[in-house]
Amino acid sequence: MAKKKKQLTTAHGNPIGDNQNSLTAGARGPLLMQDYQLLEKMATFNRERVPERIVHAKGSGAFGTLTITNDITRYSKAAVFSKVGKQTPCLLRFSTVAGERGAADAERDVRGFAIKFYTEEGNWDMVGNNTPVFFIRDAYKFSDFIHTQKRDPKTNMRSATAMWDFWSLSPESLHQVTILFSDRGLPQGFRFVNGYGSHTYSFINAKNERFWVKFHFKVMQGIKTWTNAEGEAVVGKDRESSQRDLFEAIEGGDFPKWKFSVQIMPEKEAETYHINPFDLTKVWPHAEYPLIEVGIMELNRNAENYFAEIEQAAFEPSNIVSGISFSPDKMLQARIMSYADAHRYRIGVNYAALPVNKPHTEVNTYHRDGKLRFDDNFGGALNYEPNSFGGPVEDEKFLEPPLKISGDADRYNPREGADDFIQPGNLFRLMNASQKEQLFSNFADAMQGVPERILARQLVHFYKADPEYGRGVAKKLGLDMEKYVPWAKLSMAELIEKTAQ
Ligand code: NDP
């Protein structure tokens with residue numbers, strides 16, 4: 001027997017009698033204003049999209065579980081790590097960074113790797129990338145940098161000149177640029193990338209001791225990448241290649257997994273470590289801070305509704321839980337503000353109450369009202385504190401140990417004294433001959449049409465990381481590296497002067 005169908009209604013629950021024909025004055029006459037069902041349908045349709053994210057607009061996601069396999073309670077008292085075997089539900093959203101919502105997946109770009117852990121002490125968001133470092137070390141340059149990755153104000157096209165102008169004027173970008181143009185810069189899909197917290201965060205243990213920590217999620221399916229030519233062929237046939245791969249694998253029961261590890265630095269060691277451990281353009285070499293296993297993260301459930309559960313998912317590095325906290329990394333500090341702020345603009349002030357963003361624990365705040373307060377707005381509960389009616393109160397057991405800060409408030413230049421070349425050079429020297437060859441070609445492809453003076457500036461940076469690196473790219477570009485080798489001795493100011501228009 002056919003199942004009885006549900007009654008179609010308006011958004012207000014009024015049954016609809018005709019969903020095929022509009023209300024008109026006569027068979028060939030104009031529409032009537034009173035066809036409120038049509039008005040509701042069209043007005044709702046006009047408002048279907050929320051503003052896309054300025055960065056990381058194109059994304060895919062899935063739900064899963066983190067299972068703890070190793071005891072790290074000596075470093076962190078976070079409930080999520082409390083015992084081996086402990087399982088915590090999570091949501092992972094992958095993304096490309098520069099392209100808009102309709103961009104193709106198989107493009108050379110960093111991949112976002114944002115995880116929301118629904119822990120028993122509230123949500124912990126680890127909002128990372130598939131790279132352990134970033135292009136800049138001070139958020140003052142973030143909007144400038146992103147503008148170079150987006151459309152030119154006049155041509156409305158992406159501009160290789162803008163990208164290389166900015167990168168060549170910001171040698172701190174060299175480490176991330178080397179990763180982006182290496183074979184790993186064009187992954188075959190989201191199931192084949194590592195994830196990194198990138199920033200330095202902190203752990204706090206039950207004795208209230210602080211440790212600096214870096215988060216690593218090593219892919220268990222292996223890293224798989226495409227060459228530029230392969231990527232172009234994929235995009236020609238399928239703009240959703242990463243979404244398709246992830247969705248279909250999970251739908252078919254082939255659940256992707258990542259091994260979660262941490263690097264740990266005792267609080268005191270940061271003061272004497274030979275690099276600034278809070279510099280987002282740097283890694284901590286594994287030989288100095290080996291990876292310590294924490295657990296396995298598995299993705300095993302697709303969203304039922306993409307918009308509700310992935311597009312409206314709001315990740316923010318400011319979502320920390322007791323036992324996990326921030327560090328003085330300037331980029332992290334700025335992200336603490338900008339992510340939640342972006343969600344308030346993009347989704348609305350009550351975004352945290354949406355099912356996908358809501359913690360699996362009780363929420364007790366004195367925030368009230370605001371646009372689209374779609375839950376009961378805490379009913380009749382008091383909306384001020386202190387109160388003498390038993391409202392929710394603080395508990396000092398959640399306070400962090402004080403962090404010692406010294407110095408004068410000033411605008412310090414984080415580039416002074418920082419080396420921008422050793423770590424990119426180390427990465428270059430790890431590559432085999434075929435990876436180096438791919439790196440050189442990938443640069444040459446991406447540098448077409450860029451003025452020679454800008455290329456020369458960038459070649460000097462490559463050369464300073466490793467002479468073979470500079471020479472290899474120069475050769476692919478048909479430029480003579482030897483002409484620019486003496487410039488490697490210049491200060492950045494002198495190099496800018498040499499390459500001025
Ligand atoms: P190790 O030899 O111990 O580690 C090298 C690391 O480089 C591995 O994590 C490897 O990832 C990763 N790697 C290999 N090829 C690429 C690539 N094309 N893009 C990005 N990462 C890649 O060396 P060190 O710890 O001394 O680091 C040497 C260099 O390796 C660093 O300067 C940095 O550029 C890079 N690196 C270091 C990381 C760290 O946290 N120490 C993390 C990632 C990169 P995998 O194991 O998955 O193959």
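In this predicted model, the charged end of Arg301 sits over the ring of Phe63, at 4.2 Å from the ring centre. A second arrangement of this kind involves Lys116, whose charged end lies over the ring of Phe315, 5.4 Å from its centre.

Let me turn to the aromatic pairs, of which the structure holds 36. Tyr201 and Phe215 make a tilted pair, with 5.5 Å between centres and 40° between the planes. This pair links distant parts of the chain, since Tyr201 belongs to strand E6 and Phe215 to strand E7, 14 residues apart. Both Tyr201 and Phe215 are buried. Phe217 and Phe260 form a stacked pair, 4.3 Å centre to centre, with 5° between the planes. Here Phe217 in strand E7 is joined to Phe260 in strand E8, 43 residues away along the chain. Phe217 has a relative accessible area of 0% and therefore counts as buried; Phe260, also at 0%, is buried as well.

I now come to the ligand. Of the 19 residues around the ligand, those that come nearest are His175, Arg184, Asn194, Lys218 and His286. By class, this shell comprises eight nonpolar, eight polar and three charged residues.

Which residues offer side-chain N or O atoms to the ligand's oxygen atoms? Arg184 does so at 2.7 Å, and Asn194 at 2.9 Å. Gln423 contributes a polar backbone atom, 3.1 Å from a ligand oxygen. Taken alone, the ligand exposes 790 Å², and the protein buries 76% of that area. Helix H4, strand E7 and helix H9 each give two or more residues to the shell, with H9 supplying the largest share, four residues.

Note on methods:
Residues are numbered from 1 along each chain as its sequence is written. This is a predicted model: local features need pLDDT of at least 70, side-chain atom pairs count only at pLDDT 80 or more; totals for chains, interfaces and linings use all residues. Side-chain values use heavy atoms; hydrogens and water are left out. A residue is near a molecule or strand if one of its heavy atoms lies within 4 Å of it. A polar contact is a pair of N or O atoms within 3.5 Å; within protein, one must be able to donate a hydrogen and the other to accept it, and residues adjacent in sequence count only if both atoms are side-chain atoms. Accessible areas come from the Shrake-Rupley method with a 1.4 Å probe; for residues, only the protein chains shown count as cover. Ala, Val, Leu, Ile, Met, Phe, Trp, Tyr, Cys and Pro count as nonpolar, Asp, Glu, Lys and Arg as charged, and the others, Gly among them, as polar. Rings of Phe, Tyr and Trp (its six-membered ring) pair if their centres lie within 6.5 Å; planes under 30 degrees apart count as stacked, over 60 as edge-to-face and the rest as tilted. Buried means under 20% relative accessible area, exposed over 50%, partly exposed in between (1.4 Å probe, protein chains only). A charge sits over a ring if NZ of Lys or CZ of Arg is within 6 Å of the ring centre and within 35 degrees of the ring normal.
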